[in-house]
Each structure stands twice: as structure tokens, then as C-alpha cells.
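Q: I have a structure open and would like to learn how to read it. Could we go through some features together?

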Amino acid sequence: MSRFPYESRFELHRTLPEAGTEKEVVLAELAAMSAAENPTWEGGQCSGTMYCGDHDHYDFLNQAFAHFSYVNSLQRDMCPSSTKFEAEVIAMTLDLLGAAAVTDTTPAGLVTSGGSGSIAHAVLAYREHHPTPGRPNIIKPETAHPAFAKAGHLFGVEMRIAPVDPVTTLVDLDWVKDHIDENTVALIGSACNYGYGTIDPIGELGALALERGIGLHVDGCLGGFILPFGRELGYDIAPFDFSVPGVTSISADTHKYGYALKGTSVLCFADKALRNDQYFYLTDWSGGKYCSPGMDGSRSAGLLAATWAAMVHLGRSGYRRYAEQIFATSAAMQAAVRSHPSLRIMGKPSFLFSFTSDEYDVYLVNDFLRTRGWRMNGQQYPNAIHMAVTRPQTQAGVAEKWSVDLAEAVTYALAHQGEGAKSGAIYGGVVGGMSEEADIFIKAVMADMMDQQSSIPA
């Protein structure tokens with residue numbers, strides 16, 4: 001790419017064109033850009049991001065979306081089908097996550113715009129449902145998703161960051177217990193966390209939540225649509241859903257291992273009252289009475305239709321089949337990591353795994369893997385690399401290529417011990433730990449990156 005994507009290939013639009021461009025020309029440009037970008041993930045060497053990777057499935061979802069792409073799901077009198085889609089998506093997700101075990105309250109749900117949306121709505125629900133004498137707080141493991149911190153910032157909820165065990169990567173339960181006070185409205189556990197693919201002790205967190213009379217949100221945005229099938233397949237995955245006493249809400253992203261289009265997630269509640277407390281109403285507006293179940297107003301009914309279509313089409317057997325392939329592939333890729341004494345798997349991972357090295361900068365491994373076409377996700381404190389195994393990795397030959405390329409990468413890293421890794425400047429932590437000066441500098445770099453992603457250079 002040049003300094004601005006495709007500027008040397010296609011017309012650059014700084015102003016709205018006076019004369020419209022022919023449909024065929026527009027579609028040809030879109031097709032060319034798609035064709036140029038798809039190979040970055042189609043071969044299965046990209047961690048996470050593309051969870052399905054099946055163009056036939058995408059074509060099917062696009063057809064479902066097209067029937068309702070222009071419909072506003074806010075207007076249910078004009079599009080009653082949205083109620084069918086949304087209610088059934090919620091019901092199927094509740095069923096998958098063990099809502100049948102809830103007998104004393106009425107389980108309910110909410111379809112949101114994604115994982116961050118589900119997390120934000122959960123934080124808002126707990127703030128509204130549990131009035132506190134002071135500023136409300138929620139206790140989350142350090143490994144829990146940054147969206148919790150974002151939601152806390154937006155809604156005035158303090159996020160207390162619980163440390164995790166450096167070996168298991170799981171939350172320190174004693175720390176959590178010691179930091180609950182009269183203003184604590186909920187605890188957080190991940191199933192699984194994004195960084196390490198490990199699952200917090202949900203049973204113990206649930207018992208603690210019950211003891212203190214507060215909520216427990218399980219962030220299953222990543223694992224919600226695959227871990228249940230891993231359990232069915234016999235993998236050692238502890239219960240994490242509504243079958244666990246004390247679990248009061250769970251987020252699960254349909255746009256990840258639910259194999260729907262980007263932009264949908266389901267937030268499930270054990271008690272409808274908790275969900276309803278974050279409903280918004282304005283009854284005296286001059287424009288009429290207004291209410292909304294979540295922060296979004298207008299939404300394309302196409303996303304609801306496509307999500308419903310994905311779930312109904314695949315069914316439990318389809319999800320189970322894909323989960324079996326993903327877990328088996330992840331096991332093979334993890335075995336390749338464990339075959340190298342200089343590498344160490346972080347904790348007890350599931351389908352997603354992370355590894356580091358105690359002998360050299362693990363980003364030396366990443367440097368070499370990049371030359372072989374692998375796009376890994378980097379971590380810091382400690383420096384580590386993770387691979388979120390998705391359907392593209394289950395293609396024939398990908399796990400074998402991983403084994404070969406990783407072996408060469410380890411040889412490279414051993415030969416360059418003590419040298420600085422090129423990719424460490426992008427992904428690695430600050431030597432000696434974060435400082436105020438480093439924080440300011442990194443934020444400035446990130447701000448510049450985001451600025452560039454939304455503007456045309458002069």
C-alpha cells in the first residue's frame with residue numbers, strides 16, 4: 001500500500017462527485033479491493049479475525065441480509081419479522097448457555113452491536129439494578145476485555161483490576177474477595193479471555209457473588225458459541241454458563257464462533273428484571289413517547305435476519321462439527337509449541353492459546369513467522385504471542401505448515417538471542433514496565449494511527 005490505500009489505483013474522493021459513478025464501475029472497484037485483501041486470511045495463517053472463512057456461507061448470509069438490509073428493525077409494525085429473528089436468536093442462545101437451569105427467575109436477552117456493546121450494556125444494567133451509597137464498582141480480572149474499562153469510563157463505574165496468577169493466568173480469587181465492598185455491583189469472569197484462551201474459575205466466582213449478594217457477568221464473547229460444544233465433545237472445560245449458581249449474565253458474540261456477520265452479539269440475563277433495568281424511556285418528548293431496549297436506535301434488520309439464518313442453518317450439529325475441527329487443530333498446533341523446550345504455553349488454554357519464552361524475546365519467533373506469512377496477535381507483560389484458532393486453520397495442511405514454520409522460527413530465535421525483535425516495537429511491552437512518559441507517548445502514536453485511518457492525507 002502507498003500512504004493512502006489504493007490512491008494510485010482508484011479515484012480518490014475528497015468531495016461528493018457531481019456526477020454519479022456507474023454501478024458497474026463501483027462494484028468492480030469493490031470486487032478488486034476484496035480480491036486483493038482476502039488472501040491475507042484465506043490460507044489460514046491469520047490468528048482470529050475471520051472466524052468462518054467459508055465464502056459459500058458468507059454468500060448465504062449476504063442473501064439473507066439482502067432481504068432486510070434496508071429495513072429499520074426499530075419499526076416493528078412495519079417489520080414484524082424482526083421480532084421473530086431477534087426473539088429466536090436470543091432464545092437459542094439462552095438455551096445454548098444453560099438457561100434451563102434457571103428456575104426462580106425469567107431468563108431474557110438483548111441483541112447488541114458486538115462484544116463491546118454487550119459488555120457496555122451489562123455494565124449499565126448492573127449499575128442501574130444495584131443502587132449503591134457511593135460510586136459503583138465492578139471487579140474484573142486484568143485479563144478481561146478492555147471494553148469493560150471503556151464501559152466503566154462511559155457510565156461512571158469504577159473498574160477494580162484484579163491481578164492474575166502469572167502461571168495459570170487466572171484471576172486471584174483472594175484479591176477479589178478482599179476488594180468487594182458496599183459499592184461493588186458485580187464481578188467479571190472470562191470464558192475464555194482474549195489473551196490466553198483460559199477460563200476463569202467461574203464456579204468459585206459464582207459462589208462469591210452469591211455470598212455477597214452481587215452479580216457475576218461471564219464474558220463469553222469469544223467462547224460462548226464454541227465452548228459449549230467443546231464440553232459436549234469431551235474436552236476438559238469447567239461449567240461456565242447459567243448452570244453455575246451465581247452467574248447472572250453472559251455475553252456471547254454471534255459474529256465470532258456463531259458464524260454470523262460482523263455487528264451482532266447476544267447479552268443473556270438470568271433475570272429479566274436485570275435486563276429491563278437498562279431499558280431507556282422518555283415519555284414526555286414533544287416528538288412522541290420513546291423507548292429502546294439498548295443504546296442503538298435504528299438498526300438494519302438485515303443483521304438480525306443473517307444472524308438468525310446462520311444459527312438455524314447450522315444447528316447444533318453444524319456448530320459441533322466445526323468445534324470438533326477447531327479443537328483438534330488447536331491441539332495439534334499447541335503440541336507443536338510444546339515440542340520446543342524454549343517455548344512455554346501460558347496457562348491451560350482452550351481453542352485459543354498463547355506462548356512465550358524464558359530464554360529469548362519471543363518476538364524473534366514472531367519476526368520469522370511474519371516472513372512465512374503468519375499474522376499473529378501480540379501481547380505484553382509478559383511478551384507473548386497468541387493464536388486464536390478459527391475455521392481457516394482447519395484447512396488441510398495448515399497445522400502441518402505451522403509445525404514446520406514454527407520449528408524454523410525457534411531456530412532463528414535461538415540464533416539471535418540477545419538481539420532486539422523488530423515486531424517487539426509494535427507489540428511488546430515497555431522495558432522496565434509502563435511509565436507515565438511511555439503511556440503519553442504510546443497514546444500519541446495510537447491517536448495518530450486512528451487519525452490516519454479516518455482521513456485523507458493532504
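A: Happily! This is a predicted model. Let us begin with a sheet: 7 strands form an open sheet in the order β1-β7-β6-β5-β4-β2-β3, and the pairing is mixed.

Q: Which strands are the edge strands of this sheet?

A: They are β1 (108–112) and β3 (158–162), each of which pairs on one side only. From one strand to the next, the twist averages 20°.

Q: How do I read the pairing of strands in a sheet?

A: Here is the general idea: strands of a sheet pair through backbone hydrogen bonds, and they do so either parallel or antiparallel. In this sheet, strand β4 (residues 184–190) pairs with β5 in the parallel sense over 5 bridges. You can locate one partnership by finding Ala186, whose bridge partner in β5 is Gly215. Strand β2 (residues 137–141) also pairs with β4 in the parallel sense, over 3 bridges. There, Ile139 has Leu187 in β4 as its bridge partner.

Q: Which strands does helix α8 touch?

A: Helix α8 (residues 202–212) packs on the sheet and touches β4 and β5. The direction of α8 makes about 170° with that of β4.

Q: Is strand β5 enclosed or open to the outside?

A: Strand β5 (residues 215–219) has 5 of its 5 residues buried, so it is largely enclosed by the rest of the structure. Both faces are covered: Gly215, His217 and Asp219 are buried on one side, and Leu216 and Val218 on the other.

Q: Can we follow a single residue next?

A: Let us take Ile188, which lies in strand β4. Ile188 counts as buried because its relative accessibility is 3%, and the cut-off for buried is under 20%. Leaving aside neighbours within four places in sequence, Ile188 is in contact with residues including Ile138, Pro141, Phe148, Leu205 and Leu216. Leu205 is 17 residues away from Ile188 along the chain, and their C-alpha atoms are separated by 8.2 Å.

Q: What is the strand order in the open sheet of 4 strands?

A: The order is β10-β11-β13-β12, with antiparallel pairing. Its edge strands are β10 (344–345) and β12 (377–379), and each pairs on one side only. Inside this sheet, 4 bridges join strand β11 (residues 352–356) to strand β13 (residues 384–388), and these two run antiparallel. Leu352 has Ala388 in β13 as its bridge partner.

Q: Which helices lie across these strands?

A: One is α11, which lies across β10, β11 and β13 and runs at about 10° to β11. Another is helix α12 (residues 363–371), lying across β11, β12 and β13 at about 50° to β13.

Q: How do I describe two helices that pack together?

A: In general, two packed helices are described by the angle between their axes and the distance between the axes. Try helix α4 (residues 81–96) and helix α11 (residues 301–338): their axes come within 9 Å and cross at roughly 45°. The two helices are therefore oblique to each other, and their crossing is left-handed. Among the residues that meet are Phe85, Val89 and Met92 in α4, and Leu304, Trp308 and Met311 in α11. By class, this contact has 10 nonpolar, 3 polar and 5 charged residues.

Q: Where does Gln393 lie, and is Gln393 buried or exposed?

A: Gln393 lies in the loop between β13 and α13 (398–415). With a relative accessible area of 1%, Gln393 is buried. Not counting residues up to four places away in sequence, Gln393 touches several residues, including Gly44, Cys46, Thr329, Met333 and Met387.

Q: How do I spot unusual backbone geometry?

A: Most residues other than glycine have a negative phi, and most peptide bonds are trans. Now look at Thr169, where phi is near 70°, a positive value in a residue other than glycine. Thr169 lies in the loop between β3 and α7 (173–178) and counts as buried at 1% relative accessibility. Tyr259 also has a positive phi, near 60°, and sits in the loop between β6 (249–252) and β7 (265–269).

Q: Where are cis peptide bonds found?

A: One runs from Ala191 to Cys192, with omega near -5°; Cys192 lies in the loop between β4 and α8. Another joins Tyr381 and Pro382, with omega about 5°. Pro382 is found in the loop between β12 and β13.

Key. Residues are numbered from 1 along each chain as its sequence is written. This is a predicted model: local features need pLDDT of at least 70, side-chain atom pairs count only at pLDDT 80 or more; totals for chains, interfaces and linings use all residues. Side-chain values use heavy atoms; hydrogens and water are left out. Axes are lines fitted to C-alpha atoms, for helices over the stretch in contact, and angles run from 0 to 180 degrees between N-to-C directions. Angles under 35 degrees count as roughly parallel, over 145 as roughly antiparallel, 65 to 115 as roughly perpendicular and the rest as oblique. A crossing is left-handed if the near helix is turned anticlockwise from the far one by less than a right angle, and right-handed if clockwise. Contact means heavy atoms within 4.5 Å. Ala, Val, Leu, Ile, Met, Phe, Trp, Tyr, Cys and Pro count as nonpolar, Asp, Glu, Lys and Arg as charged, and the others, Gly among them, as polar. Two strands pair if DSSP finds at least two bridges between them. Buried means under 20% relative accessible area, exposed over 50%, partly exposed in between (1.4 Å probe, protein chains only).
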